Amino acid sequence: MGKGGSLSESVVKKIVLSYTYVAIWIFLSFTVIVYNKYILDKKMYNWPYPISLTMIHMGFCASLAFLLIRVFKVVEPVSMSREVYFSSVVPIGALYSLSLWLSNSAYIYLSVSFIQMLKALMPVAVYSIGVLFKKESFKSDIMANMVSISLGVAIAAYGEARFDTWGVILQLGAVAFEATRLVMIQILLTSKGISLNPITSLYYVAPCCLVFLSVPWIFVEYPVLKETSSFHLDFVIFGTNSLCAFALNLAVFLLVGKTSALTMNVAGVVKDWLLIAFSWSVIKDTVTPINLFGYGLAFLGVGYYNHSKLQALKAKEAQKKTTQADEEAGRLLDDKEGDGMGKRNDQQ
């Protein structure tokens, strides 16, 4: 009884801990999105400089990642040659900087709720780019599912009260660059056996992003900031905003490390619905029934896609275990035959 009781207690603890990590990630992800919207929106804090904001985040995160890895040695650095860094990490950094720049720019033009609806296109973009780079095999049933997600997002866009073409182009561009980055991680890093967690990822990628973003910043935002004297930063606002962005990366590290990537996907769906509800009830963004119907359709498609991926992963794991068991049985059989031959030789 005591043993069973202690086992169930440990299981309960694991479940509570998993839900705690999920809750922390949802809260921080939610906070960063709403905080960025607050800073960039012309009707709120009115500091519409997305490149500058992204650069502040990257500079802050790179500095903290350096301290955690090199000074406090909380996380081990990844051994990486200069050639691998420039051929693999730098292109990923370029894509990440473009993704962040465009996604932060979209907050100036679109509502938080509509941006979350457009982000539902991410599996479509990842799958399509994966097929293009031959990392995914083309399957008609998966493509049909991708079309249903796209249709749902198109319906949501049709029902959007504050539709802005430039904002939609920016967000779709952000989705395309982020999807390309995710596929490139598989091609350039995973295939070479290099695995980066969110902290080591920031350590290697954030400085690249800072360098890449400085080029458009000098020509696009620096002259405007200089003229409008908006160059003086509110350290409380931007410091807490950057801290939230870094804490979110830590939460991703904990969530994926202690649960699974699928748990994060499910948590992401919950977060999106919460953001839509928050956007409608608190920020007072207009969310129409057509919006919700379209997003609901896309949401079902994304849910089915995640379920299919999980089933495929389970089947792969089962096949792997079966192969290992067959190999083990084969070895045991060989050992027995070897023993039998040895005994017969002894008798002779």
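Start with the crossing of α5 and α7, which is right-handed. Keep in mind that this is a predicted model.

**Stop 1: the helix pair**

Select residues 122–132 for α5 and residues 165–189 for α7. Their axes come within 9 Å. The crossing angle is roughly 50 degrees. That makes α5 oblique to α7, because angles from 35 up to 65 degrees fall outside both the roughly parallel and the roughly perpendicular ranges.

**Stop 2: the contact residues**

Which residues of α5 meet α7? Show Met-122, Ala-125, Val-126, Ile-129 and Gly-130 as sticks. On the α7 side, add Val-175, Ala-176, Glu-178, Ala-179, Thr-180, Leu-182 and Val-183. Colour this contact by residue class: nine are nonpolar, two polar and one charged.

**Stop 3: the second largest pocket**

Now move to the second largest pocket. About 180 Å³ of space lies there. Its lining has 14 residues. To centre the view, select Pro-50, Trp-101, Ser-105, Val-220 and Glu-221, the lining residues closest to the pocket centre.

**Stop 4: the helices around the pocket**

Which helix gives the most to this lining? Select α3, residues 82–109. α3 supplies five residues, the most to the lining of the second largest pocket. Then add α2, residues 50–71, and α7. Each of these three helices supplies at least two lining residues. Helix α7 therefore appears at both sites: α7 meets α5, and α7 also helps line the pocket.

**Stop 5: the pocket by class**

Apply the class colours to the lining of the second largest pocket. There, 12 residues are nonpolar, one is polar and one is charged.

Definitions and conventions. Residues numbered from 1 in each chain as written. Predicted model: local features only at pLDDT ≥ 70, side-chain atom pairs only at ≥ 80, totals over all residues. Heavy atoms only, no water. Axes fitted to C-alpha atoms, helices over the stretch in contact; angles between N-to-C directions. Helix = DSSP H or I, 4+ residues; strand = E, 2+ residues; numbered from the N terminus. Parallel < 35°, antiparallel > 145°, perpendicular 65-115°, else oblique. Left-handed = near helix turned anticlockwise from the far one by under 90°. Contact = heavy atoms within 4.5 Å. Nonpolar A, V, L, I, M, F, W, Y, C, P; charged D, E, K, R; others polar. 1 Å grid on protein atoms, 1.4 Å probe; cavity = no way out; pocket = protein on both sides within 12 Å on 5 of 7 lines; lining within 4 Å. Points joined across faces, edges and corners; volume = space filled by probe spheres on them.
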